[in-house]
Amino acid sequence: MKALGPIPAGYEADGDGRLTIGGWDAEMLVNEAGGTPLFVYDSRRIADQVSRFRAAFPGVALHYAVKANPYAPLLEAMAVLVDGFDTASAGELGKVAHLALPISFAGPGKRDQELETAIRAGITVNLESEGEADRALAIAQREGLTPKLAVRVNPPFGLKGSGQKMGGLPSQFGVDHDRAPALVRRLIEAGADWRGLHIFAGSQALHADALIELQHDTVALAASIAEEAGHPPPEVNLGGGFGIPYFAKDQPLNVEAVGDALAKTLAGRPKILADTQFAIELGRWLVGEAGVYLTRIIARKESRGRTFHVTDGGLQHQLAASGNFGQLLRRNYPVAIAGRFGSAADEEVTITGCLCTPLDLLADEAMLPRAEVGDLVAIFCAGAYGLSASPTAFLSQPMAREMLI
Ligand SMILES: *Cc1c(COP(=O)(O)O)cnc(C)c1O
């Protein structure tokens, strides 16, 4: 038996013991969407996360990192909740351009065409290298425009204990911190509208202490770069990295503790940051737990003493749940049999997708209530890095449906 991840708080069974999402029966949602596999995103849960952030971080701007989930109706819902969108391609820019919020544009491989699109639209470009700065300035000059440019910094520290360590290393992301002041001066001398600094050092942190230390160091670094450059930054994007529990023993992040500590850090910040607007950019923490992936059991089979549920979904829609999205070790996501959400686990099963590869595991040797062909399997924590972070063309299976409720 291998443990399942913790089902996010707030998902409940109805009177018949069936899973409800946002108060709706899961089976009914599948009917309405036209079938499985289906991603359901609960807008109420997203709004609740935003409220929680607002209460914990008063005065700090909140940006949504579009790459976590670019589903159009979700972006529309997000547009009335957050203060800006952070994008990482012209494709993502195109998805939020009509939503009338400030946009920033990061990413290590921006093409000239993408820079031109962003500069023309008055979007803040987070520069990842001096070479990119040269190209952006040349494009702006050619177009006769004043570009909005921020400098993404490759910090000398990383986020401790995070899923992906970034920072403190050679990197394709950002300008090494000791070269940032010179670049800032150059941008200002060239007549650009310097928007400030962007410092993102990691993702999926569950320990408040690691984030508190990181934000403290990030504010100090921003101040020292600004002092060396001789210019106060209008904005400092402190990154994000707030994580959610996926696996057994993961504990939720104490966001309120992080907010309290940041308030103290900002209260004592160096003078050069006195008028700076601080922002935090979040993807996963805002939307991850709001999503559920629903897939139906096509076959129930026994093999050499093990029971398998083979479903109509799989890693082509939900790569991360299969353990193949950057995880070192495969562990089970939170998974349930939707129609028996209120029932006790009484058999050990392995749940697979329908692909012809043994990598396509959705739950391995998990204890769950008995299920039959036709039953719905629910995989939680599917709201971030789900469909758009999966190899949907692999094996030419049908696309998953998506629905925002
Ligand atoms: C991916 C990314 C994010 C979002 O990270 P989450 O872990 O989803 O919150 C934010 N900022 C940058 C620069 C990113 O690349």
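These are my notebook entries on a ligand site, a small sheet and one residue after a strand.

**Entry 1: ground rules.** I am working with a predicted model, where local features need pLDDT of at least 70, side-chain atom pairs count only at pLDDT 80 or more, and totals for chains, interfaces and linings use all residues. Residues are numbered from 1 along each chain as its sequence is written, and side-chain values use heavy atoms, with hydrogens and water left out.

**Entry 2: the ligand.** Which residues are around the ligand? I listed Ala65, Lys67, Arg152, His198, Phe200, Ser203, Glu281, Leu282, Gly283, Arg284 and Tyr385. To be listed, a residue needs a heavy atom within 4 Å of the ligand. I then sorted this shell by class and got 4 nonpolar, 3 polar and 4 charged residues. Here Ala, Val, Leu, Ile, Met, Phe, Trp, Tyr, Cys and Pro count as nonpolar, Asp, Glu, Lys and Arg as charged, and the others, Gly among them, as polar.

Next I looked up atom pairs. A polar side-chain atom of Lys67 is 2.8 Å from a ligand oxygen atom. For Glu281, a side-chain N or O atom lies 2.8 Å from a nitrogen atom of the ligand. Arg284 uses its backbone: an N or O atom there is 2.8 Å from a ligand oxygen. The ligand taken alone exposes 390 Å², and the protein buries 89% of that. These areas come from the Shrake-Rupley method with a 1.4 Å probe.

**Entry 3: His198.** Is His198 buried or exposed? His198 counts as buried because its relative accessibility is 3%, and buried means under 20%. I found His198 in strand β12, residues 193–198. A strand is a DSSP run (E, at least two residues), numbered from the N terminus. The side chains of His198 and Glu281 share a polar contact of 2.8 Å. That term means a pair of N or O atoms within 3.5 Å; within protein, one must be able to donate a hydrogen and the other to accept it, and residues adjacent in sequence count only if both atoms are side-chain atoms.

**Entry 4: a small sheet.** I traced an open sheet of 3 strands, in the order β1-β2-β3, with antiparallel pairing. Its edge strands, β1 (12–13) and β3 (24–25), each pair on one side only. Strands pair if DSSP finds at least two bridges between them. Strand β2 (residues 19–21) pairs with β3 over 2 bridges. Ile21 stands opposite Trp24 in β3.

**Entry 5: Ile405.** Ile405 sits in the segment after β22 (401–404). Among the residues Ile405 touches, beyond four places in sequence, are Ile21 and Trp24; contact means heavy atoms within 4.5 Å.

Methods. Helix = DSSP H or I, 4+ residues; strand = E, 2+ residues; numbered from the N terminus. Buried < 20%, exposed > 50% of the residue type's maximum accessible area, 1.4 Å probe, protein only.
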